[in-house]
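Reader: I'd like to go through this chain with you before I set anything up. Could you walk me through the fold and then the charged pairs?

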Amino acid sequence: MPVEITWWGHATATVEDSGVRVLTDPLFVRRLGHLRRRRGALPPAAAAVADVVLVSHLHADHLHLGSLIRLAPGTRLVVPRGAPAAVPGLRKVATARGLLVSEAAPGDELTVGAVRVRAVHAEHDGRRRPYGPHRVPALGYVVRGEATTYFAGDTGLFATMADEVGPVDVALLPVGGWGPFLGHGHLDAGRAARALALLDAASAVPVHYGTYWPIGMDAVRPHEFHAPGEEFVRLAAQLAPKATVHRLAHGESVRPTEAV
């Protein structure tokens with residue numbers, strides 16, 4: 001069965017490969033602090049069904065306890081090493097829901113069914129205050145089954161990206177954010193297109209844009225909310241012309257290895 005990617009919005013996606021459902025950075029709420037969901041319906045209950053859930057770092061829009069509560073008992077949850085100590089509520093949620101928590105650092109691997117998951121470095125300050133930036137690493141993940149899929153989490157470009165990630169068929173790359181400005185340790189559309197060229201992936205799905213935006217800031221640089229997906233498609237055609245980019249609507253699925 002070919003790999004199937006479903007984008008639910010922000011950094012939340014389901015990667016189904018070899019009969020295994022992999023869910024990334026689940027965020028299933030209409031509002032998170034000062035952010036509100038401006039585009040796309042809330043993911044249905046089926047979005048929370050997964051064999052393994054990959055959390056890239058500790059920021060609340062990626063490690064969201066209220067969304068983890070929706071996971072079924074027995075779901076494997078992979079988090080950066082040190083996350084349960086840094087976020088005490090994570091232990092409570094995992095115990096209450098019967099989640100099987102695995103802590104990972106770059107280079108660690110685990111097997112879930114017929115897929116192999118490997119944690120890789122991410123160039124991102126993923127701290128959850130008041131804990132320091134180096135206590136808990138930010139991660140990306142490489143999921144290898146019938147295809148090899150890279151979920152970048154939040155990251156900037158880094159010199160060893162291609163070597164650390166290795167050959168991939170599909171890259172889920174962040175191309176924007178949830179506010180009018182991106183700080184250090186992020187990919188915008190241009191840097192994501194450069195990352196795609198470095199990785200030499202056959203297919204890409206842009207994520208982490210066009211979903212959440214600060215309340216009351218609708219008129220502040222609105223193009224930063226709407227444009228990153230289209231801009232990534234345009235720049236990827238220039239910098240990585242061999243790659244096929246699938247710009248999905250919220251809740252839309254694609255089988256990228258069938259489309260190349």
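Author: What follows goes from the overall build to the two sheets, then one helix, then the salt bridges.

Reader: Before anything else, what kind of model is this?

Author: This is a predicted model, and what I say below is computed from its atoms or backbone.

Reader: Fine. How many helices and strands does the chain have?

Author: The chain has eight helices and 17 strands. Its radius of gyration is 17 Å, close to the 18 Å that the globule rule gives for 260 residues, so the chain is as compact as a globular protein of that length. Along the principal axes, the C-alpha trace spans about 50 × 45 × 35 Å.

Reader: And what share of the residues is buried?

Author: Buried residues account for 52% of the 260 in the chain. As for contacts between residues at least 6 apart in sequence, 68% of them join residues at least 24 apart.

Reader: Let's do the sheets. What is the strand order in the one that holds strand 1?

Author: That one is an open sheet of seven strands in the order 8-7-6-3-2-1-17, with mixed pairing. Strand 8 and strand 17 are its edge strands, and each of them pairs on one side only.

Reader: How does strand 17 pair with strand 1, parallel or antiparallel?

Author: Strand 1 and strand 17 pair in the antiparallel sense, over two bridges. Within that pairing, T6 stands opposite S253 of strand 17.

Reader: Now the sheet with strand 12 and strand 13, what is the order there?

Author: Here too seven strands form an open sheet, in the order 9-10-11-12-13-14-16, and the pairing is mixed. Strand 9 (109-112) and strand 16 (244-245) stand at the edges with a single partner strand each, so one side of each is left without a neighbour in the sheet.

Reader: In which sense do strand 12 and strand 13 pair?

Author: Strand 12, residues 148-151, pairs with strand 13, residues 170-174, in the parallel sense over three bridges. T149 stands opposite V170 of strand 13. Helix 5 (residues 189-199) packs on this sheet, where it touches strand 12, strand 13, strand 14 (203-207) and strand 16, and its direction makes about 155° with that of strand 13.

Reader: Switching to helix 3, which of its residues are buried?

Author: In helix 3, residues 88-97, the buried residues are L90, V93 and A94. Seen down the helix axis, they fall within an arc of 100°, so they line one face of helix 3.

Reader: Does that fit the usual helix geometry, or rather, what is the general rule behind it?

Author: An α-helix has 3.6 residues a turn, so residues three or four places apart point the same way.

Reader: What do those buried residues pack against, and what sits on the face turned away?

Author: The buried residues of helix 3 pack against helix 1 (65-68), strand 7 (76-80), helix 2 (83-86) and strand 8 (100-104). On the face turned away from the buried side are the exposed residues P88, K92, T95 and A96. Just after helix 3, G98 takes a positive phi of about 70°.

Reader: On to electrostatics, as I will have to assign charges. How many salt bridges are there?

Author: A search of the whole structure finds 11 salt bridges. One of them joins the side chains of R255 and E4, at 3.2 Å from N to O. This pair links distant parts of the chain, 251 residues apart, with R255 in the loop between strand 17 (253-254) and helix 8 (256-259) and E4 in strand 1.

Reader: Where do R255 and E4 stand in terms of accessibility?

Author: R255 counts as partly exposed at 33% relative accessibility, and E4 is also partly exposed, with a relative accessible area of 22%.

Reader: What does D218 form a salt bridge with?

Author: D218 forms one with R36, and the closest N and O atoms are 2.6 Å apart. D218 lies in the loop between strand 15 (212-214) and helix 6 (223-226), whereas R36 is in strand 5 (residues 35-37), 182 residues apart. D218 is partly exposed, with a relative accessible area of 30%, and R36 is partly exposed with a relative accessible area of 30%.

Reader: Which residues are linked with R36 in a network?

Author: R36, R38 and D218 are linked in a network of salt bridges.

Reader: And what about R116, which residue does its side chain meet?

Author: The side chain of R116 meets that of E109 in a salt bridge, at 2.8 Å from N to O. R116 counts as partly exposed at 35% relative accessibility, and E109 is partly exposed with a relative accessible area of 41%.

How values were computed: Residues are numbered from 1 along each chain as its sequence is written. This is a predicted model: local features need pLDDT of at least 70, side-chain atom pairs count only at pLDDT 80 or more; totals for chains, interfaces and linings use all residues. Side-chain values use heavy atoms; hydrogens and water are left out. Two strands pair if DSSP finds at least two bridges between them. Helices (H or I, at least four residues) and strands (E, at least two) are DSSP runs, numbered from the N terminus. Contact means heavy atoms within 4.5 Å. Axes are lines fitted to C-alpha atoms, for helices over the stretch in contact, and angles run from 0 to 180 degrees between N-to-C directions. Buried means under 20% relative accessible area, exposed over 50%, partly exposed in between (1.4 Å probe, protein chains only). The arc is that of the directions from the helix axis to the C-beta atoms. A salt bridge is a side-chain nitrogen of Lys or Arg within 4 Å of a carboxyl oxygen of Asp or Glu. The radius of gyration is taken over C-alpha atoms; the globule rule is 2.2 Å times the number of residues to the power 0.38.
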